[in-house]
Amino acid sequence: MARKSRTQPSRDRELLRQMLRIRRFEERCVELYSGEKIRGFMHLYIGEEAVAAGVCHALTPEDTVVSTYREHGHALARGVPAKTIMAEMYGRVSGTSRGRGGSMHIFDAARRFYGGNAIVGGGLPLAVGLALADKLLERPRVTACFFGEGAMAEGEFHECLNLASLWRLPVLFACENNQYAMGTALARSQAETDLALRAAAYDVAAWPVDGMDARAVADAAGKACEAVRAGAGPHFLELRTYRFRAHSMYDPDRYRDKAEIEQWKHRDPLDVIELPGPETAELEKEIAQELDEAIDFAERAPLEPVEELTRFVYSEV
């Protein structure tokens with residue numbers, strides 16, 4: 001069973017609040033997808049909430065986040081409003097990307113949240129570039145780059161880790177090892193499954209973390225961010241986690257044993273932190289209201305006018 005925590009009540013409450021927001025948001029999205037309110041590809045984060053909540057807890061508003069196509073949780077934990085994320089899911093002009101990106105392309109420059117990148121490993125070069133700019137301009141920022149373990153088989157992972165280490169760039173590489181790259185188990189695709197060990201080969205401080213425990217993630221991310229901010233160069237966290245749902249809404253999920261999924265559900269990150277019953281009920285009520293308002297906002301938001309469909313495609317200069 002999941003290990004319970006009763007310490008550090010204020011931090012625990014915030015971590016649980018963020019995880020509940022992510023879980024309930026995505027559960028609503030499943031309902032809306034089934035009702036054809038949300039269309040296109042949608043990749044759920046259910047089961048991995050402790051990673052987003054813990055890492056983002058360690059960041060400051062001036063830091064930068066670069067994400068993947070499974071980014072709803074990262075965006076929510078970063079502070080992107082649920083209503084603008086939901087409007088984006090609906091394809092409405094009030095969404096974070098004016099409804100043009102949908103589930104896989106959530107951006108919010110004001111909150112320094114740069115995607116939502118559909119290409120596996122595609123956020124890694126962006127993160128290295130952002131961190132290089134910060135270093136050259138002597139800005140005390142950390143760029144947190146989320147990616148899955150499947151991205152470690154991509155060439156840009158090795159190029160980016162090498163350059164970040166060579167130039168001592170302020171990057172926190174947050175590898176979400178959910179055990180499967182789409183439908184391929186880690187051990188079936190990569191000879192060395194100790195991902196932190198592989199990252200350390202580039203002279204990068206790296207260690208594994210229990211990605212089902214938000215407190216453990218927050219502690220590790222806090223330690224790493226402190227070191228990165230102090231000029232110690234990039235750090236790598238292998239966040240060992242698991243997605244309870246299929247790769248995407250289109251995935252029949254026939255490559256995993258159902259018993260394996262149930263075994264991981266016994267380590268549900270929402271069960272790790274325990275608050276008094278009334279506090280949890282209060283959080284659930286607040287979140288339900290927030291999501292009701294987000295859906296209402298998305299329902300009322302306008303579609304982009306047809307005459308503006310070529311805007312941002314061609315230069316207006």
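This passage describes the annotated domain, the largest pocket and the cysteines of a predicted model. Residues are numbered from 1 along each chain as its sequence is written, and side-chain values use heavy atoms, with hydrogens and water left out. Local features need pLDDT of at least 70 and side-chain atom pairs count only at pLDDT 80 or more, whereas totals for chains, interfaces and linings use all residues.

The unreviewed UniProt entry lists residues 18–304 as "domain: Dehydrogenase E1 component", an annotation that may be inferred rather than shown by experiment. Over this range the chain is 44% helix and 13% strand, with the end C-alpha atoms 31 Å apart; helices (H or I, at least four residues) and strands (E, at least two) are DSSP runs, numbered from the N terminus.

The largest pocket (an open set of points on a 1 Å grid where a 1.4 Å probe fits, with protein on both sides within 12 Å along at least five of seven lines) holds about 340 Å³ of space, the volume filled by probe spheres set on the points. Of its 26 lining residues, which have an atom within 4 Å of a point, T68, Y69, V120, F147 and G148 are the closest to the centre. At least two lining residues come from each of α5 (123–136), β4 (143–148) and β6 (180–181), and β4 gives the most, with four. The lining comprises eleven nonpolar, ten polar (Gly counted among them) and five charged (Asp, Glu, Lys and Arg) residues.

No disulfide, defined as a pair of cysteine sulfur atoms within 2.5 Å, is counted. The sulfur of C145 lies 7.8 Å from the closest cysteine sulfur, in C160, which is too far for a bond. C145 is buried (under 20% relative accessible area, 1.4 Å probe, protein chains only) at 1% relative accessibility, and C160 counts as buried at 7%.

Terms used. Buried < 20%, exposed > 50% of the residue type's maximum accessible area, 1.4 Å probe, protein only.
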